[in-house]
Protein chains: 2
Amino acid sequence: MSRTLAKVAYSAEEKQLASFAKAMGHPVRIQILKLLNAQACCYTGDLTDNIPLAQSTISQHLKVLKDAGLIQGEIMPPKVKYCLNQDNWPVAQRLFSELFGLASAGDSPKACRDSEGL
Amino acid sequence: MSRTLAKVAYSAEEKQLASFAKAMGHPVRIQILKLLNAQACCYTGDLTDNIPLAQSTISQHLKVLKDAGLIQGEIMPPKVKYCLNQDNWPVAQRLFSELFGLASAGDSPKACRDSEGL
DNA sequence: TTAGTTTATCGCAAATGTACGATAAACTTT
DNA sequence: AAAGTTTATCGTACATTTGCGATAAACTAA
């Protein structure tokens, strides 16, 4: 048969994962996340200096990441310091891990013998 | 200081990762990926039957996933069988793993002592 | 108070994304 | 050949995203 399929609506986790993914769906935002992951924190100005986009545009990208819950900002007048969101980053980590078949690092997708089509 | 920052342009990997993430940025597409990950393959009709969206809409979502390289489709007249993309799924797996600080499963984001701001 | 620094927000234009119904395309069965 | 099944594509409407310059907001230093 083939009737053991998807539920009709999205689960909270599916929505959360899609929301994280959506926020990550732009190269600049990936760049920002990588930066924060590598060096803990940074100020908006640091990004403005090194990314060839208007300051307002970068601020908008930061807002997207913040609204998605991936980063958090702390006001340190006159600057704002951003870091990965302590609470949600591990959640995102988990959700993506689960989607990708969790761990076993070298796992290949469930075989679909024949494949290579279309 | 603080001048050891981001490069001016995006690397190929950053663009690739953003592209994967963007394709994953919708709950229906997450649902489809989970399904394919869980049961290897499925036909468009299976999705059409179980997701409350028009057939044309689902077809479009499949196209987004296919264009991003996350899934592949094989024509088996009169149906089309979809599976995770054998080549790229592991790539996506790796890129996301790397972004999330690779492995150590329980790692928390690099401390940003003080935090909780804004 | 005034001027300076840093970041967020507003208003706008152009491009993309989302969903639908209608229709075409490909192939099977009668 | 005609009718049926399954999936993709087209055209359309509406919403969201992306990027910019201009401006406001918050706070410090003169």
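This report describes the aromatic cluster, the α5 helices, the nonpolar core and the sheets of a predicted model with chains A and B.

## Aromatic pairs between the chains

A search of the whole structure gives 5 aromatic pairs over all chains. In one of them, Trp89(A) and Phe100(B) have ring centres 4.6 Å apart and planes at 45° to one another, and the pair is tilted. Trp89(A) belongs to helix α5 (residues 88–99) of chain A, whereas Phe100(B) sits in the segment after α5 (88–99) of chain B, so the pair joins two chains. Trp89(A) and Phe100(B) are both buried.

Ring pairs also extend beyond these two residues, linking Trp89(A), Phe96(A), Phe100(A), Trp89(B), Phe96(B) and Phe100(B) into a cluster.

## Helix α5 in chain A

The length of α5(A) can be checked against a simple expectation: at 1.5 Å a residue, its 12 residues should span 16 Å, and the end C-alpha atoms are in fact 16 Å apart, which agrees. Within α5(A), the buried residues are Trp89(A), Ala92(A), Gln93(A), Leu95(A), Phe96(A) and Leu99(A). As background to such a pattern, an α-helix has 3.6 residues a turn, so residues three or four places apart point the same way.

The buried residues of α5(A) pack against elements of both chains, namely α1 (12–23), α2 (27–39) and β3 (79–84) of chain A, and α2 (27–39) and α5 of chain B. After the helix comes Gly101(A), which has a positive phi, near 80°.

## Helix α5 in chain B

For α5(B), 12 residues at 1.5 Å a residue should span 16 Å, and the end C-alpha atoms of this helix are 16 Å apart, which agrees. Its buried residues include Trp89(B), Ala92(B), Gln93(B), Leu95(B), Phe96(B) and Leu99(B).

The cover over the buried residues of α5(B) includes α2 and α5 of chain A, along with α1 (12–23), α2 and β3 (79–84) of chain B. Gly101(B), just after α5(B), takes a positive phi of about 80°.

## The nonpolar core

The largest nonpolar core has 58 residues, of which Met24(A), Leu70(A), Phe96(A), Met24(B), Leu70(B) and Phe96(B) touch the most other members. Phe96(A) and Phe96(B), already named as members of the aromatic cluster, are thus also among the residues with the most contacts to other members of this core.

The contacts of Met24(A), not counting residues up to four places away in sequence, reach into both chains: in chain A this residue touches Ile30(A), Leu33(A), Leu70(A) and Phe96(A), and in chain B it touches Ala18(B), Ala21(B), Phe96(B), Leu99(B) and Phe100(B).

## The sheet of chain A

Chain A has an open sheet of 3 strands in the order β1-β3-β2, with antiparallel pairing. The strands at the edges are β1 (41–43) and β2 (71–76), each with a single partner strand, so one side of each is left without a neighbour in the sheet. From one strand to the next, the twist averages 30°. Helix α4 (residues 55–67) of chain A packs on this sheet and touches β2 and β3 of chain A, its direction making about 120° with that of β2(A).

The antiparallel pairing of β1(A) with β3(A) runs over 3 bridges, and Tyr43(A) has Lys81(A) in β3(A) as its bridge partner. β2(A) and β3(A), which also run antiparallel, are joined by 6 bridges, with Cys83(A) in β3(A) as the bridge partner of Gln72(A). A hairpin connects β2(A) to β3(A) through 2 residues.

## Thr44(A) in helix α3

Thr44(A) is part of helix α3 (residues 44–50) of chain A. With a relative accessibility of 16%, Thr44(A) counts as buried, because buried means under 20%. Leaving out residues up to four places away in sequence, Thr44(A) touches Leu62(A), Val80(A) and Tyr82(A).

## The sheet of chain B

In chain B, 3 strands form an open sheet in the order β1-β3-β2, and the pairing is antiparallel. Here β1 (41–43) and β2 (71–76) stand at the edges with a single partner strand each, so one side of each is left without a neighbour in the sheet. The twist in this sheet averages 30° from one strand to the next.

β1(B) pairs with β3(B) in the antiparallel sense over 3 bridges, and the bridge partner of Tyr43(B) in β3(B) is Lys81(B). Helix α4 (residues 55–67) of chain B lies across β2 and β3 of chain B and runs at about 120° to β2(B).

Note on methods: Residues numbered from 1 in each chain as written. Chains lettered and ligands numbered in written order. Predicted model: local features only at pLDDT ≥ 70, side-chain atom pairs only at ≥ 80, totals over all residues. Heavy atoms only, no water. Phe/Tyr/Trp six-rings, centres within 6.5 Å; stacked < 30°, edge-to-face > 60°. Helix = DSSP H or I, 4+ residues; strand = E, 2+ residues; numbered from the N terminus. Buried < 20%, exposed > 50% of the residue type's maximum accessible area, 1.4 Å probe, protein only. Expected span 1.5 Å × (residues − 1). Contact = heavy atoms within 4.5 Å. Core = buried A, V, L, I, M, F, W, Y, C linked by side-chain atoms within 4.5 Å. Pairing = 2+ DSSP bridges. Axes fitted to C-alpha atoms, helices over the stretch in contact; angles between N-to-C directions.
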